[in-house]
Amino acid sequence: MPPPRPPLSPPPPPPSLPPIPSPQQPPSLPPSPCPSAPPPPLPLVPPSPSPQPPSLPPIPSPQQPPSLPPSLAPSPPSARPPPLPSMPATSISQQPPSIPPPPPSSFSLPPSTSQLLLPPPQQLPSLPHSPLSPSPSPPLPLLPPSPTPEQPSSLSPLSIPLLPPSTPAPLPTQQPLSLPLSPLPPSMISTPSPQLPPSPLIPSPSMPPPSQLPIPTSPNAPAPSQPIQSPLLIDGPAWTIVAVDEPAAIQLSGQNIADGDVILWKDMSSSSCSDGAAADVSLVNSQSVLSTFQNTGIKQLCYKQMNAQASTVESFLFFPLVRVAVMRVDSVLPFGTAVGCVSVLHIAGEGFDLLGADTPTVSCIFGSSYSTIATIINGSMISCPTPVTDSSSTMSVHIEVGSIASILALRSFSVYDALSDVVASVAPAAGPYNLAGPIHMVGSFNDFGTPACRFGEFSSLAASLDPSGTELVCQKPAFPDSHREQTGSYPISFAANGQCFADTGKFFFTYNAQVGQGLLRGAPASSALLLPITGFGFPVSGLSGGKCAFTSRSASDAFRVETELVLASSTLVSCWTPASGLPRQYDVTVLLNGVDPLPVGIHGSPQFTEYDVASVRLHAVSPVAGPVEDSNRITLYGANFADFGAGQLVVRAG
């Protein structure tokens, strides 16, 4: 047994209360089907609202519960009703008493507690058993403990909350227990404070009204005197395409974009706005920024609000999904096409593949009337066909990347008449089929970036045109061996843009010839003679400008001379000897077209010697005489005689 509680000090006498009528008898409850688990005792109900309800004084010790009169002692388990709901009081004291639970065997209150005010009896709902306590003997109802200073509470006088029984089965409805009531003793009624308002929350006299209390703020929140702004947001455009060194107006979308804010465009390699890498700087004007970029690549947005307090580079906000692809166009070839001809343009530059998988359809726009689909070959090359036009004109060319951007590629693209190109002469007009070489043409020519020639079905390897447009040099290709026997004339055509060829009315002749040997190996240096040379494959007609080259065989003599070649047949040609006046030995080369030397056979290049006739000396003849009727063999003795081949030395007598 706990030690007895010390007596309570009596409070001041309370004011007299009007008589309270006794409550009506509540209806009886049916007996509980669970006699093994006694129902909780009936809680005490606070009095009905009255103008001056009493306040209970605090109870110093919660250990010793107050004793109950026999009339309120717990009933047997089979006849105990469920607890009645407590009714709120109009006014409560700040510190109601806290009564601990009494022992299960006894529970009593002073007789005066029978005068507690109870609401009119009514049928109460059944309460389920609590599954929280496994004990078959539930604890007795407890009065709420006295509130601590840290946790104030407002409770009805002598309201005793009850824990439901611990058995899991629900408790059926029982008839309420009729109890006689008696008024509270003066020791349990406190004098009401007339100056306290009925509100349960009593503000301190020094506390200002709630409307004047300051609003709590966080350290990073703006001062209460400043309006709270929504955060900065830049959500577009996702992609913008511009050309190097071309000013571009980029329209931003988002919120809190203000004039005068600063923008940095950082390279794709940058991971933040403060990595120290170089950047292109721009200012915002009407949510638009005018930027000019100096190099190609992907640029990402860094944005700083100028009204922000921070002024360092860390105050820039990084928006990596707002990007600019900077491209560069270096050249467009060709920059013209012929009337009625489709040409393929090759646009060289850098950055054409920056968008990767996000690249939309790319087109070439010619003027304002023509559009063709372009192909991105790689990051530095785009190709697109030209439209077919029926008249000469000049127009611009733009690269259109979906609906994102249109980049100027060429300001002036020409459509010309291919028949305006004229060839007056061709040199050489012939050549070996399997030998490549330059072909010179004189006439009037256009140049649209890539001039070219064609010989029959074979296009030139390269071509160049002088600034005056009157002399064209084309590199003839070597024809394949399948054309060895197809010697003859090939029509010459010309294309000012390298693709739209037109016939010039001129021809190029090919041959497959070889040099055999010379039939004359020497002659006086003072006389020009025809030197016959054998061979095969010599063209019989249609060839002009053939030559023979005589080159000195002496290493110390760089003498070389060319003489006219005369065609005799497909197996014989003749060349005039140099007649240089000095004795020399030569290697002879045959140039059927005047340019390209013919290959030689097993005998090698023909050799020819020019000598000085004055150096030949005749000293004696043997015999000095002979019969007139008979032929005689004569032997000559002298100096500087030479053998230039069988039948070459001739002695004339008389």
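This dialogue walks through some ring pairs and buried residues in the structure above.

User: What kind of model is this, and how are residues numbered?

Analyst: It is a predicted model: local features need pLDDT of at least 70, side-chain atom pairs count only at pLDDT 80 or more, and totals for chains, interfaces and linings use all residues. Residues are numbered from 1 along each chain as its sequence is written, and side-chain values use heavy atoms, with hydrogens and water left out.

User: How many aromatic pairs are there?

Analyst: Rings of Phe, Tyr and Trp (its six-membered ring) pair if their centres lie within 6.5 Å; planes under 30 degrees apart count as stacked, over 60 as edge-to-face and the rest as tilted. By that rule there are 11 aromatic pairs. One of them is W265 with F293, edge-to-face, at 6.1 Å centre to centre and 65° between the planes.

User: Are W265 and F293 buried or exposed?

Analyst: Buried means under 20% relative accessible area, exposed over 50%, partly exposed in between (1.4 Å probe, protein chains only). W265 and F293 are both buried.

User: Which pair is stacked?

Analyst: F458 and F479 are stacked, 4.4 Å centre to centre with 25° between the planes. F458 counts as buried at 15% relative accessibility. F479 is buried too, at 3%.

User: Which charged end sits over the ring of F479?

Analyst: A charge sits over a ring if NZ of Lys or CZ of Arg is within 6 Å of the ring centre and within 35 degrees of the ring normal. Here K476 places its charged end over F479, 4.3 Å from the ring centre. Likewise, R454 has its charged end over the ring of F501, 4.0 Å from the centre.
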